[in-house]
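Welcome! Please take a moment with the sequence and the 3D view below, and then read on for a short tour.

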Amino acid sequence: MWIVYALLAAVSAAIVTTLTKAGLKDADPNLAFAIQSLLIIVVSWGTVAVQGNLKMIYNVDGRTWMFLIIAGICTAASSLFSFNALKLANASMANPLQNTAMAFAVLFAALFLKEKITWQIITGVVMILGGALLIALSKKQ
C-alpha cells in the first residue's frame, strides 16, 4: 500500500506545482504560501478530528514533538523556497531541481537513520540527479 500512497503523493505534488505556478502569476510567493498553508491547517486538523484522533495529541512525547516541530519548520522553509523558485522560473525547470531532495533524503537516511544504501540506490540517485540537472539547466523555450 505504501507504493500507492507514494505515487498518489507524487501525482498530488505535480498538481500542486502546476496550480501554484499558475497562481503565482499575479501573486507574491510568500502570500501565496500563506494562503495554501491556511488550507493545509484546516484540512489536516479536520482530518484528525473526523477520524476521532484529536485526543491522541496527549500521547505524543517530547522527543516526537521536537522532531515534528523541526520538520515543520523545514517544511515551511522548503515551501517558501519552492514558491519563490516557481515565481522566477518555469515549473518544468524549477521542480526537477527541487526534487533532487530525494538524493539528500537518501543521504540523510543513511547518516541519521542508519538505512542501508545499495549500489542500486546509488545508481538511481545518480540518474535522478543527472536528469534533474539536465532539465533544470536546459535553455528556456
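Helices here are DSSP runs of H or I with at least four residues, and strands are runs of E with at least two, both numbered from the N terminus. With that in hand, Thr-100 can be placed in the loop between helix H4 (91-98) and helix H5 (101-112). Please keep in mind that this is a predicted model, in which local features need pLDDT of at least 70, side-chain atom pairs count only at pLDDT 80 or more, and totals for chains, interfaces and linings use all residues. Residues are numbered from 1 along each chain as its sequence is written, and side-chain values use heavy atoms, with hydrogens and water left out.

**The whole protein**

The protein has six helices and zero strands, giving the pattern α-α-α-α-α-α along the sequence. Its C-alpha atoms fill a box of roughly 50 × 45 × 25 Å along the principal axes. The accessible surface, computed by the Shrake-Rupley method with a 1.4 Å probe, comes to about 10800 Å², and 75% of that belongs to carbon and sulfur atoms. Of the 141 residues, 16% are buried. Contact means heavy atoms within 4.5 Å; among contacts between residues at least 6 apart in sequence, 70% join residues at least 24 apart.

**Two loop residues**

Buried means under 20% relative accessible area, exposed means over 50%, and partly exposed lies in between (1.4 Å probe, protein chains only). The table sets out two loop residues.

| Residue | Loop | Relative accessible area |
|---|---|---|
| Thr-100 | between H4 and H5 | 11%, buried |
| Lys-114 | between H5 and H6 (119-136) | 68%, exposed |

Which residues does Thr-100 touch, leaving aside its neighbours within four places in sequence? They are Leu-129 and Ala-132. Lys-114 has a phi near 60°, a positive value in a residue other than glycine. Most residues other than glycine have a negative phi.

**Where two helices meet**

Helix H1 (residues 2-23) packs against helix H3 (residues 62-88) at an angle of about 60°, with their axes 9 Å apart. That angle makes H1 oblique to H3, because angles under 35 degrees count as roughly parallel, over 145 as roughly antiparallel, 65 to 115 as roughly perpendicular and the rest as oblique. The contact is made by Thr-17, Thr-20 and Lys-21 of H1 with Phe-83, Leu-86 and Lys-87 of H3.

Technical notes
Axes are lines fitted to C-alpha atoms, for helices over the stretch in contact, and angles run from 0 to 180 degrees between N-to-C directions.
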